[in-house]
Amino acid sequence: MTAFTLYNYVLSGNCYKIRLMAGILDVKYDTVAVDFYPGFEHRQNHMLALNPAGTLPVMTIGEQVLTDTQAMLAWIALNHDPSGTWYPAADPMLGPLVQQWLAFSGRLTNSAGLAGLHSMLNWPIDGEAARRAAIKDLRELELHLTDRVFEGKTWLVGDHPTIADIACFPYVALSPDAGLDHDGYPAIRNWLYAVRSLPGFVTMPGIHHLHELREGADG
Ligand SMILES: N[C@@H](CCC(=O)N[C@@H](CS)C(=O)NCC(=O)O)C(=O)O
């Protein structure tokens with residue numbers, strides 16, 4: 001018995017957020033492969049019927065359709081995390097802070113995510129503008145994570161990893177593919193390492209297991 005169906009594209013960072021959260025919480029799901037590129041299947045009628053916004057991922061839970069990645073992360077956590085720490089929705093301060101970083105992750109999709117699409121698939125957008133926006137976002141994240149280190153904290157919010165960390169992770173981790181290396185961002189590097197260390201962590205092309213990085217370093 002699977003929990004949901006994911007309309008998926010392997011190279012999509014947003015689809016990866018869902019695969020990563022499901023991996024960490026050990027949630028079983030089905031996938032439907034969507035030919036995002038070069039087929040642009042997500043913009044075809046059968047996909048627009050599911051998601052009029054024409055974006056991936058799309059998640060179905062029985063008859064219910066979710067079309068926003070952050071909402072999908074919330075659904076997985078609320079239904080499959082008995083500890084309640086991955087989405088502390090009812091906490092009067094942590095809940096809103098998680099929401100704030102989920103919104104920030106949407107900005108990352110439109111900055112680092114688009115810069116990556118431009119670099120890798122020659123996506124028809126202003127790549128330089130996307131890269132400039134991504135640098136602004138990376139600096140904001142670096143400042144926040146530096147403050148957190150001085151508070152003795154690892155994660156974006158509170159004392160535990162949350163869906164906010166999962167939502168922000170992919171496009172930051174993938175940003176070197178868009179020419180945005182992490183040399184000037186030590187707090188980000190530390191946080192990326194922490195996310196990669198989570199039990200149940202799964203990879204995507206361009207984002208590896210820590211032991212693969214170590215083997216690379218040894219070689
Ligand atoms: N607000 C949406 C945005 C998702 C999104 O932008 N997905 C990208 C793929 S990673 C997409 O489908 N882009 C469609 C396009 O540019 O044609 C969400 O967070 O789920």
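Start with the ligand and the two domains around it: domain 1 (5-80) and domain 2 (94-199) both contribute residues to the shell around the ligand, so the ligand lies between them. Keep in mind as you click along that this is a predicted model.

**Colour the domains.** Select 5-80 and give it one colour, then 94-199 and give it another; these ranges are domain 1 and domain 2 in the domain assignment of the protein chain. If you place a marker at the C-alpha centre of each domain, the two markers will sit 20 Å apart. Now look at where the domains meet: 16 residues of domain 1 are in contact with 14 residues of domain 2.

**Show the ligand and its shell.** Turn on a surface for the protein and find the largest pocket, which is the space taken by the ligand. Next, display the residues around the ligand: there are 15 of them, and the closest are His-42, Arg-43, Thr-55, Leu-56 and Thr-69. Colour this shell by class and you will find nine polar, four nonpolar and two charged residues.

**Zoom in on the oxygen atoms.** Which contacts can you pick out here? Begin with His-42, where a polar side-chain atom lies 2.8 Å from an oxygen atom of the ligand. Move on to Leu-56 and show its backbone, since the contact here is made by a backbone N or O atom, 2.8 Å from a ligand oxygen atom. Finish at Thr-69: an N or O atom in its side chain is 2.6 Å from an oxygen atom of the ligand.

**Step back to the covered surface.** How much of the ligand does the protein bury? On its own the ligand exposes 510 Å², and the protein buries 79% of that.

Technical notes. Residues are numbered from 1 along each chain as its sequence is written. This is a predicted model: local features need pLDDT of at least 70, side-chain atom pairs count only at pLDDT 80 or more; totals for chains, interfaces and linings use all residues. Side-chain values use heavy atoms; hydrogens and water are left out. A residue is near a molecule or strand if one of its heavy atoms lies within 4 Å of it. A polar contact is a pair of N or O atoms within 3.5 Å; within protein, one must be able to donate a hydrogen and the other to accept it, and residues adjacent in sequence count only if both atoms are side-chain atoms. Accessible areas come from the Shrake-Rupley method with a 1.4 Å probe; for residues, only the protein chains shown count as cover. On a 1 Å grid over the protein atoms alone, a cavity is a set of points where a 1.4 Å probe fits but cannot get out, and a pocket is an open set with protein on both sides within 12 Å along at least five of seven lines; lining residues have an atom within 4 Å of a point. A molecule sits in a cavity or pocket if more than half of its atoms lie within 2 Å of its grid points. Ala, Val, Leu, Ile, Met, Phe, Trp, Tyr, Cys and Pro count as nonpolar, Asp, Glu, Lys and Arg as charged, and the others, Gly among them, as polar. Domain bounds come from an automatic or database domain assignment. Contact means heavy atoms within 4.5 Å.
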